[in-house]
Structure formats: C-alpha cells, structure tokens
Amino acid sequence: MSYNKIFYLDNVSTNPINPEVLSTYTMLLEKYYANKSSIHALGREVYKLHEKSREEVLSLLNVKNSRLIFTAGATEANNMAIKSVAMANKAQGKHLITTNIEHPSVHSSFKFLEEYLDFEVTYLDVEADGRIDLNKLKAALREDTLLVSIMAVNNEVGAINDVAAWTKLVKDNSKAYTHSDMVQALGNIDLDFNNLDIATFSAHKINGVKGSGFLVIRDHIDMVPLISGGDQEFGIRPGTENSPANIVLAKTVRIALEEQVEKNEKLKALKDHFYDSLKDNPQVRFNSNQEHSVNTLVNISVLGVNSEIMLNALGQENMYVSAGSTCQSDVHKRSRVLMSLDKPLENQQTRVRISLNTDLTIEDIDTIVLKITEIGEKYAV
Ligand code: PMP
C-alpha cells in the first residue's frame, strides 16, 4: 500500500520554489517585462532593479572587487569559469588542476580544454571521506598552473572541502587562479572568499527559479565570451537577460542565508537520526561520511539490492530519491565520484542518495528507514 504523503528526498537535485520568491517572480514576469537595455522608462526601471539585485547578491556574499555575471544556471557558470578563463589567460600557463569528484559541468569542461585546446589537466583523487589531501594538491602545483578548481560541497556524497584552506595553499605556493563550484554550499555552509577568485552558484538548489544562476569573478581576471553576441553582462554573456529571474535572485540568496543556521540545526538532527537508525543494519554501507558532509545529504548502499530496484520500490511508497548526480542519471553507470572515493563495485551498484529538507520530521525518518530495511530484506539477492 502506498502512503499518501509524498516524501521528497531529492532536494540536492532540485528543491521547490520558496512561496515568497514565487510571488515576487510572478509579479516581475507580469509587470517588469521590458528589455533592460531599452531606454524608455520601463526599460530603465528594469535596468535599475537588475543592477540592484547584482549589487545586493555581491554584498550578501560579502565579496569585494568582483563582478557578478548572471547565467542560466551553474552548468553555464561552470563552463564559463573554466573555459572562458582558461582561454583568455592561456599565455600564463596551460596546466590546470581539478578533482575527480566534480560535477559533470566542471569535469567535462576540463576534458574539453584537454581534448581541443591542448591544456594539461591534473585530476586529483580524493580521500575515503570525499575530501582532498592538501599535500597532494601542493605536490600537483606547477610554475605554469593557471587554474585550480575544487568544489566546496560534493553533490553525491556531500563531502565538504575546506575552501579557505585549499585556496590559501594555492595562493601561497603558485600564481594560479582559484575556482570553486559552490552550488551545494550556498545556504548550507559558510562561504570563504578570501583567496577565492571565481565562484559559481545555482538558484534552484536554494528554493529559487530553475534555469537561473551566476558567476562571481575578481575584476582583474580576463574572460572571453563563449557565446558571441551583444554587450549584455559585460559582453561575456550576450543575449537578452532573464531579468525577472535575475532580479528575484537577490531575495532567493537573502532568504537562503537568513535561514541557514536554523535550517542546519533541524537538518543535522534528521541526518544524525538517519545515520544512527541505519548504522547497525548489516546490509547498509554509508558512502557519505556523517562528520564531514553537509546536513542535507545521506548516501547509502543497501547490499544486494541494486539502485534501480531500491529507487522503484521507494517510489511506490511515494519516497523520491536518486542514485547519485541527476545530471548523470543512468543508474547502471558507475559513479565517478564513488570510484574516486575507492568504494567497492557493490556499493556503486546499490547506491542511493537521500537528500533531506526541513519539512521532514524524526517520525518521517523512522518511516523511511523502516521502508529501506523492509525493501532490503525483501529484494536482497
Ligand atoms: N554543480 C553542482 C555541484 C550541482 O549539484 C549542480 C546541479 N546538479 C550543478 C553544478 C549544475 O547546476 P544547474 O542545474 O543550475 O545547471
């Protein structure tokens, strides 16, 4: 029998729009439809709101001497941060460093630079808890290293990499620029921009509008536009702006930051209860690390039950989860992230990513854990 309640446990993939954001966004769509580059009064008004949002987001994040470029999400922002910066600054060096656990939009951007533009890329493996080893990073730095890109929070296992520590190490030991994919970090952990040159974000992971994101980059770093067109967004991201989405972004980020502490308290209790309830189950392996990962995410393997069976069986109970990154949703493929963490093949084939939200209760976690246990017993081969 299916439960009536929907357990939305895929919040890392995307989460529902905040009602306040939705109402402002709808109002903007209705009333502020003019092109921000038009010189008539309505165009001017949209322009003002657009630029106010840009300034407000920079100030909310407390970043200085930087520009913010609005994009259609973090996939685009990551492509820009990596390809555009590498192409514009290739005279400074053709060596790049990243990790093996990055989002496909980062990983594939590096592959592109390697394959088509002769850049040399070092892909660092991570430790069993998903964090980089600073000594390995230091050893990988070279005189000609142009860019180091390491995500702040991993989207499959939630591992937190200490941005303050690794960016300082890079700045102390090289001339390289530093980039971090902060999509899963914003609203979940405190951000540190002291030694960070470029950061990328997405709105739909913080209860914002889908297809909306942004890049923050130090003023002095050159970029080339990846798309040719007009002079919107400093000439780097041409095309008529999605002004309603860009304007409402300030409110989206503000709410996410205002709610961060309270949200984390609730989520930590839920996450700890989840781990505690499953840790004595001999069928369950944890792919995420309770201590070193964000509170939103738990990644487990129920041995003997492959991911597809678990996802379908939980789906029958209105419990919606993923196997891993939904940008690579083929559950039959091995996870590049779990491979880098050196997880056994069996963990990979049975992986389930459960991502929590504050609407859930401890009783809900008990219901979910019970279901996972029952499915484990029923379907184990
Ligand atoms: N980076 C990370 C860590 C992500 O989790 C995602 C979303 N799956 C992205 C980048 C891409 O963001 P978007 O969906 O806005 O393109």
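**Ligand surroundings and the setting of Leu124**

In this predicted model, helix H3, which spans residues 74–88, contributes three residues to the shell around the ligand, the largest share of that shell. The ligand is surrounded by 15 residues in total, and the closest of these are Thr75, Asp181, Gln184, Ser202 and Lys205. When the residues of the shell are divided by character, nine are polar, four are nonpolar and two are charged.

Several polar atoms of the protein lie beside oxygen atoms of the ligand. In the side chain of Thr75, an N or O atom is placed 2.6 Å from a ligand oxygen atom, while for Gln184 a polar side-chain atom is found at 2.8 Å from an oxygen atom of the ligand. Ala74 takes part through its backbone, of which an N or O atom lies 2.9 Å from an oxygen atom of the ligand. Of the 390 Å² of accessible area that the ligand has on its own, 91% is covered by the protein.

A second site considered here is Leu124, a residue of strand E4, which comprises residues 120–124. Leu124 is counted as buried because its relative accessibility is 8%, and buried denotes a value under 20%. Leaving aside residues up to four places away in sequence, Leu124 touches Ile97, Thr98, Thr99 and Asn100, together with Lys136, Leu137 and Ala140. With respect to Glu143, the separation of Leu124 amounts to 19 residues in sequence and to 18 Å in space, taken from C-alpha to C-alpha.

Conventions: Residues are numbered from 1 along each chain as its sequence is written. This is a predicted model: local features need pLDDT of at least 70, side-chain atom pairs count only at pLDDT 80 or more; totals for chains, interfaces and linings use all residues. Side-chain values use heavy atoms; hydrogens and water are left out. Helices (H or I, at least four residues) and strands (E, at least two) are DSSP runs, numbered from the N terminus. Buried means under 20% relative accessible area, exposed over 50%, partly exposed in between (1.4 Å probe, protein chains only). Contact means heavy atoms within 4.5 Å. A residue is near a molecule or strand if one of its heavy atoms lies within 4 Å of it. A polar contact is a pair of N or O atoms within 3.5 Å; within protein, one must be able to donate a hydrogen and the other to accept it, and residues adjacent in sequence count only if both atoms are side-chain atoms. Accessible areas come from the Shrake-Rupley method with a 1.4 Å probe; for residues, only the protein chains shown count as cover. Ala, Val, Leu, Ile, Met, Phe, Trp, Tyr, Cys and Pro count as nonpolar, Asp, Glu, Lys and Arg as charged, and the others, Gly among them, as polar.
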